[in-house]
Amino acid sequence: MKEKLVRDNIPDIIKKDGRIPHTRILSDDEYEKQLELKLVEEVNEYLESKDIEELADIMEVIYAISEFKGAALSELESIRKNKVSKNGSFEKRLLLFDITSS
């Protein structure tokens, strides 16, 4: 089995299924790398399935990264809102296909 970061309750779920999970605690460097890998995994799962539950998984990884970086969710949301204020959102569904000089 390939090593991967799992949610905190997964080992208990595995035990209830009659199997034995083997885990270890990650160092900060390992944890950061595994969070990045988990983010890619969850994004790929969403792209394949288009399932809204995968978006929730992506958000959970983003929350974990934010906490690891020492940023409260309120700070992350504030940054997001500032970017929306400055650059807009994706509401208009604009596709930029070319830029020419004036």
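**Figure 1. Glu77 and Arg80 within helix H4.** Three residues, about one turn of the helix, separate Glu77 from Arg80, and both belong to helix H4. In this predicted model, the two side chains form a salt bridge whose closest N and O atoms are 2.7 Å apart. Glu77 is partly exposed, at a relative accessible area of 31%. Arg80 is likewise classed as partly exposed, with a value of 44%.

**Figure 2. The salt bridge between Lys4 and Glu41.** A salt bridge joins the side chains of Lys4 and Glu41, with an N to O distance of 3.8 Å. Lys4 lies in the segment before helix H1 (10-16), whereas Glu41 is part of helix H2, so this pair ties together parts that are 37 residues apart in sequence. Lys4 counts as partly exposed, its relative accessibility being 44%. Glu41 is also partly exposed, with a relative accessible area of 23%; this value places Glu41 above the 20% limit under which a residue is called buried.

**Figure 3. The salt bridge between Lys69 and Glu32.** The closest N and O atoms of Lys69 and Glu32 are 2.6 Å apart, and the two residues form a salt bridge. Distant parts of the chain are linked by this pair: Lys69 belongs to the loop between helix H3 (52-68) and helix H4 (73-87), while Glu32 is in helix H2, 37 residues apart. Lys69 is exposed, with a relative accessible area of 55%; the value is over 50%, and Lys69 is therefore assigned to the exposed class. Glu32, by contrast, is partly exposed, with a relative accessible area of 24%. The pairs shown in these views are among the seven salt bridges found in a search of the whole structure.

**Figure 4. The surroundings of Gln34 in helix H2.** Gln34 is located in helix H2, which spans residues 28-49. The relative accessible area of Gln34 is 18%, and the residue is buried because this value falls under 20%. When neighbours within four places in sequence are left aside, the residues in contact with Gln34 are Lys4, Leu5 and Leu26. Lys4 is thus a contact of Gln34 as well as the salt-bridge partner of Glu41.

**Figure 5. The separation of Gln34 and Asn82.** Gln34 and Asn82 are 48 residues apart along the chain, and a distance of 29 Å separates their C-alpha atoms. Gln34 is the buried residue of helix H2 described in the preceding view.

Definitions and conventions
Residues are numbered from 1 along each chain as its sequence is written. This is a predicted model: local features need pLDDT of at least 70, side-chain atom pairs count only at pLDDT 80 or more; totals for chains, interfaces and linings use all residues. Side-chain values use heavy atoms; hydrogens and water are left out. Helices (H or I, at least four residues) and strands (E, at least two) are DSSP runs, numbered from the N terminus. Buried means under 20% relative accessible area, exposed over 50%, partly exposed in between (1.4 Å probe, protein chains only). Contact means heavy atoms within 4.5 Å. A salt bridge is a side-chain nitrogen of Lys or Arg within 4 Å of a carboxyl oxygen of Asp or Glu.
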